[in-house]
Amino acid sequence: MLALTELGQRLRQERESKGLSLEDLQKLTKIQKRYLLGIEEGNYEVMPGKFYVRAFIKQYCEAIGLDTDAIFEEYKSDIPSTQTEDMPQQLSRVRSRKEIPQHTKGVAKAYDYLPTVLVVAGVVVVGIIIWVIAQNIVSDKNKEQANQEAPNSEVQQSNTQEETNETTAKNDNSKSEDEQSAADKKEKEKAEKEKAAKEKAEKEKAEKEKKDSGKQEYKEVQKTGRSATYALSGTDAFNLEVTSTQADTWLDVKNGKGNAFFSSILKKGETKEFDLTKETEARVNIGYSPGVELKVNGKAVDLPFDSSKQVRQVVTIQYQPAEAQ
């Protein structure tokens, strides 16, 4: 096993401190696990080229929340420099005739007998059809003769039995339809009640958010590097929602004392809600900010920086309840 470089040790320690395995990091960065292991071990020979070494290290750092520029500067002796490299040519996938497996020749030979097999099969099928038609003709003649010889009373009795069977079937169908109708009605009433309850809850929530947003104030205090601080006031609630819409991202939410509410991967399409009303400060560390949305008390707020320029962003929110003002 290769000895770890200083950079590899730093990256592995940072990954393990966040509770991430190489499989987790592979899902987050879309980089194969063997390349991630190669970065940690300093085994760059497994990479497709020097260009990929730098690109993969950059993605690794961003995924675990490290400053890429600082890492590249601090460990520049461990990271190979590179210029433009030619991409490897794709190998032709066209096989010559000699490469065609020999067993396929036997299949081709079998096709020579296919016409004869089809003719024989056709003759057999025609014979079966003729036999079935003949049997049906004989059966129909026997039934017709039996009906002509049967007494009229038996015919009338048969008709009466058929009418009775039809009446019973109609009654059964009517009963089944009534039961189904009652079940559908009950299900419809249940759905309507659930819908009404949901609409009521949403209306109450919207009214509360509207009431709070009318006096709520969220303003910037300071901004530096990749970090920004905001002040939240004029409200008696501090509820935070974080949603990732484009890709998985590392999310770390702590209070002013450093106690973590969440420190893991936020999946694409996933939303996390935090009730921070009892806190005076919250620190939100976002590893991959493109597509990340923040809401404070149900109201959307902008990220402090352009996500195309600052992929990792840290937002600190200082909260002062309205009743304490």
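Let us start with asparagine 255, which sits in strand β4. This is a predicted model, and asparagine 255 makes a handy place to enter it. Is this residue buried or exposed? Its relative accessibility is 8%, so asparagine 255 counts as buried, the cut-off being under 20%. Its side chain has polar company from the backbone: one of its polar atoms lies 3.0 Å from the backbone nitrogen of lysine 257, and the backbone nitrogen of asparagine 259 lies 2.8 Å from a polar atom of that side chain. Leaving aside residues up to four places away in sequence, asparagine 255 touches Phe261, Glu279, Glu281 and Ala282.

Now step back to the whole chain. It holds eight helices and 10 strands. The chain has 325 residues, of which 28% count as buried. Among the contacts with a separation of 6 or more, 65% are between residues 24 or more positions apart.

Helix α2 is a good next stop. Which of its residues are buried? They are Leu22, Leu25, Leu28 and Thr29. These residues cover an arc of only 120° around the axis, and therefore they lie on the same side of α2. The elements that cover them include α1 (6-17), α3 (33-41), α4, β4 and β5 (260-266). Strand β4, the home of asparagine 255, is thus part of the cover over the buried residues of α2.

Two members of that buried set turn up again at the largest pocket, which offers about 250 Å³ of space. There are 14 residues in its lining, and those closest to the centre of the pocket are Leu28, Thr29, Ala63, Asp248 and Tyr288. Which elements supply at least two lining residues each? Helices α2 (22-29) and α4 (50-63) do, and so does strand β4 (249-255). By character, the lining is a mixture of five nonpolar, four polar and five charged residues.

Just after α2 comes lysine 30, with a positive phi. Most residues other than glycine have a negative phi. Asparagine 297 also has a positive phi although it is not a glycine. The table sets out these two residues.

| Residue | Phi | Loop | Relative accessible area |
|---|---|---|---|
| Lysine 30 | near 65° | between α2 and α3 | 68%, exposed |
| Asparagine 297 | about 55° | between β8 (292-296) and β9 (299-301) | 6%, buried |

Why does lysine 30 count as exposed? Its relative accessible area is 68%, and exposed means over 50%. Asparagine 297, at 6%, falls under the 20% cut-off and so is buried.

Asparagine 297 also leads us to the final stop, because it is one of the residues touched by phenylalanine 238. Phenylalanine 238 is found in the loop between β2 (227-233) and β3 (239-244). Although it belongs to a loop, phenylalanine 238 has 0% relative accessibility and counts as buried. What does phenylalanine 238 touch, not counting residues up to four places away in sequence? The list is Leu232, Phe274, Asp275, Leu276, Thr277, Ala282, Val296, Asn297, Ile317 and Tyr319. Ala282 is on this list and is also touched by asparagine 255, where our tour began. Lysine 278 is 40 residues away from phenylalanine 238 along the chain, yet the C-alpha atoms of the two are separated by 8.0 Å.

Definitions and conventions. Residues numbered from 1 in each chain as written. Predicted model: local features only at pLDDT ≥ 70, side-chain atom pairs only at ≥ 80, totals over all residues. Heavy atoms only, no water. 1 Å grid on protein atoms, 1.4 Å probe; cavity = no way out; pocket = protein on both sides within 12 Å on 5 of 7 lines; lining within 4 Å. Points joined across faces, edges and corners; volume = space filled by probe spheres on them. Helix = DSSP H or I, 4+ residues; strand = E, 2+ residues; numbered from the N terminus. Nonpolar A, V, L, I, M, F, W, Y, C, P; charged D, E, K, R; others polar. Buried < 20%, exposed > 50% of the residue type's maximum accessible area, 1.4 Å probe, protein only. Polar contact = N/O pair within 3.5 Å; in protein donor to acceptor, adjacent residues only side chain to side chain. Contact = heavy atoms within 4.5 Å. Arc of directions from axis to C-beta.
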